[in-house]
Amino acid sequence: MANVIVIGAQWGDEGKGKITDLLSRSADVVVRYQGGANAGHTVVVQGQTFKLHLIPSGILYPKTQCIIGSGTVIDPKVLIQEIDQLAELGVSTEKLYISQTAHVTMPYHRLIDEAVENQRGEHKIGTTKRGIGPTYADKSERVGIRMMTLVNPDELRSQVTWAVQYKNAILEKLYDLPPLDPQAVVEEYLAYGERLRPHVVDSSLKIDEAVRNRQNILFEGAQGTLLDLDHGTYPYVTSSNPIAGGACVGAGVGPTIIDRVIGVAKAYTTRVGEGPFPTELKEEVGKILGDRGAEFGTTTGRPRRCGWFDAVIGRYAVRINGLDCLAITKLDVLDGLEEIKVCVAYEIDGETCRDFPSSSKRFARCQPIYKTMPGWKESTADCRTLEDLPQAALNYLKFLAELMEVPIAIVSLGASRDQTIIVEDPIHGPKRALLEV
């Protein structure tokens, strides 16, 4: 039995959906522990593409229980759309469970999110405008609406009526926006509650049952380490804690049940939205990486900024999350490049820095110090073992493992499940990896 946390080791979009999907075949339960409909996981199975925003990737395995934990914020309209889309593709959501204490994203959250972002002007954060930040803000302000209220008609009428009146004052007076109709919002969300009621449970209790039954549990985060509210590149961050420590809070479990933490990182680096990005490539190579890697956001369709692999943020992710091993994705995107660069340190105001700076202003002044390595002229897309890889590609992976000071357990070479080298199964394998420092 193993309980494993999967986290993003960069700025999100690392390919966690595929890695979670791969590991879910050995998991009895998959738990989504934070984030909201601003996240997107793309999984390709036998040529069919599934785009998931709230439902854990394990839903594609019929025997796997999927739980949306209390640390998530749920847009019920998006969730129902996702359930219906999966049904059309022949995927059952019978074993989907939703925490009764998860907070609900309301229409006014989306309106306020967009209005605030538009007002920021040149100081914009780059949010998805899906209402995630305002939902978490209401949670902290203790005026939020939870799933247990959504499925209780009397409580929902009372709370939503008051909340809409309260938010209308903000929409009208601060942002010059038209007010929402409280009754229309109530009726809309009553219907959502009726539809989702069969899925709403005490998720912490359900996870505890799995622990007591010694089942394999996979904890799935959204976004990535550098977008963590407390430990990321603030203020250009998300509104929750994607790091490994957030899994315990968002799922409602104690840290002593966690056996392993696996970090997912691309073989290069990408970032969506605003904020410093030391290794960003704004010319030809950056465009090549973006085109080959299909670097467009699953949720928004926005193009991702692309750059060379950054080992400074990689080592930071290892430290902050306590990573046991890594999954490196999209190695095939680097195929055919004459040379490949890796950022091994930064230069800040004439000094060499090997550790991630906590100040965003200081981080914005970082200039990458690169190690240049030879590329490989062969395709890696059909490689299924380490021995199949070109020597230069294998050397590159070993160099990343050395820099990050953590072994590599999985190498992904494309979007499909089969385009993967499993060096070690992080759930059933021994606590080591063959491709190590």
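Me: Axes are lines fitted to C-alpha atoms, for helices over the stretch in contact, and angles run from 0 to 180 degrees between N-to-C directions. With that settled, what angle and what axis distance describe the packing of helix α6 and helix α7?

Reply: In this predicted model, helix α6 (residues 153-175) packs against helix α7 (residues 182-196) at about 145 degrees, and their axes lie 9 Å apart. The crossing of the pair is right-handed.

Me: Which residues make that contact, and what makes their classes add up as they do?

Reply: From α6 come Pro153, Leu156, Arg157, Val160, Thr161 and Val164, and from α7 come Pro182, Val185, Val186, Tyr189 and Leu190. By class there are nine nonpolar, one polar and one charged. Arg counts as charged, and Thr, which is on neither the nonpolar nor the charged list, therefore counts as polar.

Me: Now to α3 and α4. How do they pack, and which residues meet?

Reply: Helix α3 (residues 107-120) and helix α4 (residues 132-141) are at about 115 degrees, with axes 7 Å apart, and α3 passes α4 in a right-handed crossing. Tyr108, His109, Ile112 and Asp113 of α3 meet Ile132, Pro134, Thr135 and Asp138 of α4. This contact divides into four nonpolar, two polar and two charged residues.

Me: Why is aspartate 13 called partly exposed?

Reply: Its relative accessibility is 25%. Buried needs under 20% and exposed needs over 50%, so a value in between is partly exposed. Aspartate 13 sits in the loop between β1 (3-8) and α1 (16-24), where it touches Lys266, Thr270, Val272 and Arg304, leaving aside residues up to four places away in sequence. An unreviewed UniProt entry places the feature "active site" at Asp13, His41 and Lys139.

Me: And what makes glycine 301 partly exposed?

Reply: Glycine 301 has 40% relative accessibility, and the class runs between 20% and 50%, so the label fits. Its place is the loop between α10 (284-292) and β13 (305-307). The unreviewed UniProt entry includes Gly301 in a "binding site", along with Thr300 and Arg302 among others.

Me: What makes the phi of glutamine 223 worth a remark?

Reply: Phi is near 60 degrees there, a positive value in a residue other than glycine. Most residues other than glycine have a negative phi. Glutamine 223 is in the loop between β10 and α9. At 11% relative accessible area it is buried, because the cut-off is under 20%.

Me: Where is glutamate 405, and how do you know whether it is buried or exposed?

Reply: Look in the loop between α13 and β19 (408-412). Its relative accessible area is 62%, and anything over 50% is exposed, so that is the verdict. Phi of glutamate 405 is also positive, near 60 degrees.

Me: Why single out the peptide bond from tyrosine 234 to proline 235?

Reply: Omega is near 10 degrees, and the bond is cis. Most peptide bonds are trans. Proline 235 lies in the loop between β10 (217-220) and α9 (244-251).

Me: Finally, which residues touch the most other members of the largest nonpolar core?

Reply: They are Ile5, Phe219, Leu331, Leu334, Leu389 and Tyr396, in a core of 63 residues. Helix α13 (residues 391-404) gives the most to this core, with 10 residues. A separate core has 43 residues, including Val91, Ala115, Leu150 and Leu190.

Key: Residues are numbered from 1 along each chain as its sequence is written. This is a predicted model: local features need pLDDT of at least 70, side-chain atom pairs count only at pLDDT 80 or more; totals for chains, interfaces and linings use all residues. Side-chain values use heavy atoms; hydrogens and water are left out. Helices (H or I, at least four residues) and strands (E, at least two) are DSSP runs, numbered from the N terminus. A crossing is left-handed if the near helix is turned anticlockwise from the far one by less than a right angle, and right-handed if clockwise. Contact means heavy atoms within 4.5 Å. A nonpolar core is a set of buried Ala, Val, Leu, Ile, Met, Phe, Trp, Tyr and Cys residues joined through side-chain atoms within 4.5 Å. Buried means under 20% relative accessible area, exposed over 50%, partly exposed in between (1.4 Å probe, protein chains only). UniProt positions are given in the numbering used here, feature names are shortened, and annotations may be inferred rather than shown by experiment.
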